[in-house]
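Q: I'd like a close look at one part of this model, strand by strand and loop by loop. Please keep it relaxed, but don't skip the cut-offs.

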Amino acid sequence: HAYLYKPENPLPKDEQMVLIKSFYGGKNRFSNRTQILTQAGLYVLSPSPRGSSGFGKEFYALNDKDLGGNEIIDVIYAAKYISNKLNIPPERIGVFGGSHGGYATMRLLSFPGEVNNNKADFNFGFGMSHAGFSDIIHFYNTCNIPDWVVLEAGDPEKEKEKLIKRSPRYNAEDFTGKLLMTHGTNDSRVPIEGSRWMADSLEKYNKNYKLVEFEDQGHGIKGLENQIRFYKTWFDFLESLNGKA
């Protein structure tokens, strides 16, 4: 299940872009962010990967203990579908999300091609991660929701090897596309080290990335001036890509 939001005035065909929400999508509700993006001429796809709410308890629990697993496969297939449907190439298709969605964005751009014996691949052109965690075990040790990490990812003490493999920080060598990371310096839910360490790993392998920090901001971006800076950061990044926004 997914919602496709179409711009009233799309960009020229050879510049069209699709932004796919990497998690917490597929909900029938108004979104300021979606409206801002479509107003700029962009397509937005909001899918419901397994683990999403709105489809009952069983579907909501499908990604328990499988963070970065089959939920990632679902988004990859959503990307394949929309690329074919709109005839827009992978290099102009990107993913975006915050928190769990920020992690999923980084995971999608560094996905090794197989998880749980399921193979899938898609060469996303770019990603925009806000307040994402790049190291699951560090996130567990420093966040204010460690019980959530155990529920979604598994016990870090018993499944250390699996969680390291699913942490984008340790897969930077395989990273493809261009990544924008934004993060508040006072985030107690997902400490900013998750983005800083990701930046360090990407720098080591000479990957294309940018990290923008928001001083004294928490897990979300508050205040008009900060909101303006946040969206200006997004659109400056999008304009730096092959397409225009």
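A: Quick bit of vocabulary first: a helix is a DSSP run of H or I with at least four residues, a strand is a run of E with at least two, and both are numbered from the N terminus. The model is predicted, so local features need pLDDT of at least 70 and side-chain atom pairs count only at pLDDT 80 or more, while totals for chains, interfaces and linings use all residues. Residues are numbered from 1 along each chain as its sequence is written, and side-chain values use heavy atoms, with hydrogens and water left out.

Let's zoom in on the sheet and the loops that follow two of its strands. The sheet is open and mixed, with 7 strands in the order β1-β3-β2-β4-β7-β8-β9. Its edges are β1 (2–5) and β9 (208–214), each of which pairs on one side only; pairing takes at least two DSSP bridges between two strands. From one strand to the next, the twist averages 15°.

Now walk through the pairs that involve β4 and β7. β2 (18–21) and β4 (93–98) run in the parallel sense and share 4 bridges, including one that joins V18 to I93 of β4. On to β7, which pairs with β4, again in the parallel sense, over 5 bridges; here F96 has M128 of β7 as its bridge partner. β7 (residues 126–130) also pairs with β8 (residues 178–184), parallel and over 5 bridges, and F126 is matched with K178 in β8. As for burial, 5 of the 6 residues of β4 are buried, leaving the strand mostly covered (buried is under 20% relative accessible area, exposed is over 50%, and partly exposed is in between, using a 1.4 Å probe and protein chains only).

Two helices lie across these strands. Helix α3 (residues 70–86) crosses β1, β2, β3 (43–47) and β4, and runs at about 155° to β2. Helix α8 (residues 193–204) lies across β8 and β9, at about 155° to β9. Those angles go from 0 to 180 degrees between N-to-C directions, with axes fitted to C-alpha atoms, for helices over the stretch in contact.

Next come the loops, and a backbone detail you may like. Most residues other than glycine have a negative phi. S99, in the loop between β4 and α4 (100–109), has a positive phi near 65°. S99 is also buried, at 17% relative accessible area. After β7 there's another case: A131 sits in the loop between β7 and α5, its phi is positive too, near 55°, and A131 is buried, with a relative accessible area of 1%.

Keep following the chain and you get to C143, in the loop between α5 (136–142) and α6 (146–153). C143 is buried as well, with a relative accessible area of 11%. Which residues does C143 touch, leaving aside those up to four places away in sequence? They are V149, S188, R189 and P191, where contact means heavy atoms within 4.5 Å. Looking back along the chain, F133 is 10 residues from C143, and their C-alpha atoms are 9.8 Å apart.
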